[in-house]
Amino acid sequence: MLFDTHVHLNVRQFDQDREEVIERAKEAGVTHMVIVGFDHETIPKAIELAETYEHFYAAVGWHPVDAIDFTEKELKWLEELASHPKVVALGEMGLDYHWDKSPHDVQKEVFRKQIRLAREVNMPIIIHNREATEDIIKILQEEQASEVGGIMHCYNDDPIYVPACLDMNFYISLGGPVTFKNAKLPKEVAKMVPLDRLLIETDCPFLAPHPNRGKRNEPAYVALVADQIATLRGISAEEVQEATRKNAHHLFRLS
Ligand SMILES: [Zn+2]
Ligand SMILES: [Zn+2]
């Protein structure tokens, strides 16, 4: 049984065959997933899917790339949604220095506002990080994010930053890149993170694991991520599945 902690089944890329994708996930043993909404279009769709399927949950947040569009209205909206019974986390939120739609200072402010909201409503947060690890850790520390903890989603940086994340009660989530032949860092991370702080995800439709690299990703492929981590750690795939499923239940406070 697998828990995919980060999926975007709520995006257009799945409009043609969403039911079949969900069926394939079930056949592959993916029993639980968190559908992550990040803007006006994807947040309601994440909630709709979470309401429709048992063991599907939603996370709601504002993506850093679109930080420039975030106003008090969106903040209020997220606050209201946080009390929905199927919403288990706030995010994804964070910093993305790869795209320049939103200036860094705007991204930082919107990130801080969402962390403060998470502390108010007492919910874990899901962090999106692209080329901004040091700034993210600094802001999480300053905003006392350790109070709620959360996930470093699709962790893709140097293992030297992992201890600081663990210290703040964050889990490290690995996705497709851990299976890429030339991806040295995620493989190192897969070996060093304590098993009780590790999560797995697809981030579908993006970042499909080997041998599906370059294709549209889907939750069924999260098994390939678990298999790769098991190989790297020298343990069984079942152990990885079991631990990551248990960790996700703990973090999202599911029974
Ligand atoms: Zn992301
Ligand atoms: Zn995502």
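In this predicted model, the zinc ion (ligand 2) is held by four protein donors, namely H6 through NE2, H8 through NE2, E92 through OE and D203 through OD, which lie 2.0 to 2.7 Å from the metal. Along the sequence these donor residues follow the spacing H-x1-H-x83-E-x110-D. The angles among the four donor atoms run from 84 to 179°, and the site is classed as irregular; the reason is that a tetrahedral assignment would require all angles to lie between 85 and 135 degrees, while a square planar one would require opposite donors over 155 degrees apart and all others between 65 and 115. For orientation, the ideal angle for four tetrahedral donors is 109.5 degrees.

E92 also serves a second metal, for this residue bridges the zinc ion (ligand 2) and the zinc ion (ligand 1), which are 3.4 Å apart. E92, in strand β4 (residues 87–96), and D203, in the loop between β8 (198–200) and α8 (222–233), stand 111 residues apart, and the pair thus links distant parts of the chain. Both E92 and D203 are buried.

The backbone has some features that deserve attention when the model is inspected. Most peptide bonds are trans, and most residues other than glycine have a negative phi. Against that background, the peptide bond from G91 to E92 is cis, with omega near 15°, and E92 is the residue of strand β4 that bridges the two zinc ions. Another cis peptide bond, with omega about 15°, joins C204 and P205, and P205 belongs to the loop between β8 and α8, where D203 is also found.

Positive phi values occur at Q144 and C154, neither of which is a glycine. Q144, with a phi of about 55°, sits in the loop between α5 (133–142) and β6 (150–152), and its relative accessible area of 42% makes this residue partly exposed. C154, whose phi is near 45°, lies in the loop between β6 and α6 (162–167), and C154 counts as buried because its relative accessibility is 12%.

Elsewhere in the chain, two helices pack together. The axes of helix α2 (residues 42–52) and helix α3 (residues 72–81) come within 12 Å and cross at roughly 5°, and the two helices are therefore roughly parallel to each other. Their contact is made by I43, P44 and I47 on the side of α2 and by W77, L78 and L81 on the side of α3. The residues of this contact comprise six nonpolar ones, with no polar and no charged residue among them.

Definitions and conventions. Residues are numbered from 1 along each chain as its sequence is written. Chains are lettered from A and ligands numbered from 1 in the order in which they are written. This is a predicted model: local features need pLDDT of at least 70, side-chain atom pairs count only at pLDDT 80 or more; totals for chains, interfaces and linings use all residues. Side-chain values use heavy atoms; hydrogens and water are left out. Donors are N, O and S atoms within 2.8 Å of the metal (3.2 Å for Na, K and Ca); water is not among the atoms, so sites may look incomplete. Four donors count as tetrahedral if all angles lie between 85 and 135 degrees; four count as square planar and six as octahedral if opposite donors are over 155 degrees apart and all others between 65 and 115; anything else is irregular. Helices (H or I, at least four residues) and strands (E, at least two) are DSSP runs, numbered from the N terminus. Buried means under 20% relative accessible area, exposed over 50%, partly exposed in between (1.4 Å probe, protein chains only). Axes are lines fitted to C-alpha atoms, for helices over the stretch in contact, and angles run from 0 to 180 degrees between N-to-C directions. Angles under 35 degrees count as roughly parallel, over 145 as roughly antiparallel, 65 to 115 as roughly perpendicular and the rest as oblique. Contact means heavy atoms within 4.5 Å. Ala, Val, Leu, Ile, Met, Phe, Trp, Tyr, Cys and Pro count as nonpolar, Asp, Glu, Lys and Arg as charged, and the others, Gly among them, as polar.
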